[in-house]
Amino acid sequence: VTLSEGARAGTGRELGMLDSLLSLGGLVLLRDSVEWEGRSLLKALVKKSALCGEQVHILGCEVSEEEFREGFDSDINNRLVYHDFFRDPLNWSKTEEALPGGPLGALRAICKRTDPGPVTIALDSLSWLLLHLPCTTLCQALHAVSHQDSCPGDSSPVGKVSVLGLLHEELHGPGPVGALSSLAQTEVTLGGTKGQASAHILCRRPRQRPTDQTQWFSILPDFSLDLQEGPSVESQPCSDPHIPPVDPTTHLTFNLHLSKKEREARDSLILPFQFSSEKQQALLRPRPGQATSHIFYEPDAYDDLDQEDPDDDLDI
């Protein structure tokens with residue numbers, strides 16, 4: 001049994017959610033908030049990709065390498081290629097390990113790789129990159145990496161490329177968030193209620209209608225997913241029989257109900273637009289001695305008798 005087959009033979013429900021996030025490739029946008037953090041889900045996806053035998057590159061900008069690797073076992077950590085932009089983001093120390101061009105240079109280098117096979121790139125985080133780079137430059141780089149056929153000079157038989165981008169949605173306006181959302185093939189919005197986390201997953205497949213679903217989950221200490229049922233809807237609170245019900249119509253300035261006499265008066269009233277039989281007879285039968293009138297119409301040359309376009313004489 002190969003590593004990929006062994007990894008995919010685990011718990012079906014957990015792998016079902018992770019596979020749905022990684023199956024399409026392209027940009028997977030993880031949108032978190034202060035209340036519901038998304039780095040744990042990012043690390044769970046990184047672990048899943050590493051267990052499937054994929055090449056996994058981490059662009060760490062927001063936390064240290066030690067903090068990101070914490071919780072992974074040695075086997076997973078040995079499979080991760082970590083690009084550290086947290087310790088020296090501007091390369092002031094002039095070390096030889098630093099890639100030219102910063103995080104975007106690392107993205108381009110991964111895009112021009114010669115190794116075949118699927119690749120997963122984790123960006124921790126897109127919010128850090130947006131604060132240090134123009135939004136258009138970042139979007140162009142993400143498009144070039146997630147669409148491998150648009151990478152210049154890449155003629156090798158590369159496999160699927162998945163880009164996992166963590167975005168702290170509350171730090172940005174609707175413009176950058178909307179631009180990144182339009183690039184994403186899979187969009188995950190984290191939320192929850194009553195202490196239970198949920199992920200609203202929106203998948204955009206080529207030539208198909210977008211599909212969305214909501215998954216309730218918890219992340220274990222080893223960054224495995226534990227899928228759960230959604231919280232039950234609470235029943236309506238029962239009313240206390242000892243407390244008399246409050247009538248909402250007691251303090252109204254108008255009456256909601258009619259008395260018997262008011263109802264009879266309303267039914268006997270003849271409205272002016274209602275035609276009674278007497279009124280119809282009076283209009284249809286002229287009275288004796290009443291003069292009758294006729295209308296004679298002779299159309300002239302400028303009259304428009306075309307019923308399909310009665311307004312064409314208005315010269316609009």
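**Cores.** I began with the largest nonpolar core, a set of buried Ala, Val, Leu, Ile, Met, Phe, Trp, Tyr and Cys residues joined through side-chain atoms within 4.5 Å, where buried means under 20% relative accessible area, exposed over 50% and partly exposed in between, with a 1.4 Å probe and protein chains only. This core has 32 residues, and those touching the most other members are Leu30, Val46, Phe68, Leu164 and Val188. I noted that helix 3 (residues 39-51) supplies its largest share, six residues; helices (H or I, at least four residues) and strands (E, at least two) are DSSP runs, numbered from the N terminus. I also found a second, separate core of 29 residues, which includes Cys61, Phe85, Ala106 and Leu167.

**Basis of the entries.** The model is predicted, and local features need pLDDT of at least 70, side-chain atom pairs count only at pLDDT 80 or more, while totals for chains, interfaces and linings use all residues. Residues are numbered from 1 along each chain as its sequence is written, and side-chain values use heavy atoms, with hydrogens and water left out.

**Leu30 and strand 1.** I then listed what Leu30 touches (contact means heavy atoms within 4.5 Å): leaving aside residues up to four places away in sequence, these are Gly38, Leu41, Leu42, Leu45, Gly165, Leu166, Leu167 and Val188. Val188 is also the bridge partner of Leu30 in strand 6, and strand 1 (residues 26-32) pairs with strand 6 in the parallel sense over four bridges, two strands being paired if DSSP finds at least two bridges between them.

**Strands 6, 7 and 8.** Strand 6 (residues 186-193) runs antiparallel to strand 7, to which eight bridges join it, and Gly191 has Ser198 of strand 7 as its bridge partner. I looked at the turn of this hairpin, which has two residues between the strands and in which Lys194 has a positive phi of about 55°. Strand 7 is in turn joined to strand 8 (residues 211-219) by seven bridges, again antiparallel, with Thr211 of strand 8 as the bridge partner of Cys203. Six of the eight residues of strand 7 (residues 196-203) are buried, so this strand is largely enclosed by the rest of the structure.

**Helices 8 and 9.** I checked how helix 8 (residues 135-146) packs with helix 9 (residues 174-183), and found an angle of about 10° with the axes 11 Å apart; axes are lines fitted to C-alpha atoms, for helices over the stretch in contact, and angles run from 0 to 180 degrees between N-to-C directions. The two helices are therefore roughly parallel, a term for angles under 35 degrees. Cys135, Cys139, Leu142 and His143 of helix 8 make the contact with Pro176, Ala179, Leu180 and Leu183 of helix 9.

**His147.** I followed the chain to His147, which lies in the loop between helix 8 and strand 5 (158-168) and is partly exposed, with a relative accessible area of 26%. Its C-alpha atom is separated by 6.6 Å from that of Gly26, although the two residues are 121 residues apart along the chain.

**Totals.** I closed with the whole protein, which has 11 helices and nine strands, and of whose 316 residues 35% count as buried.

Key: Parallel < 35°, antiparallel > 145°, perpendicular 65-115°, else oblique.
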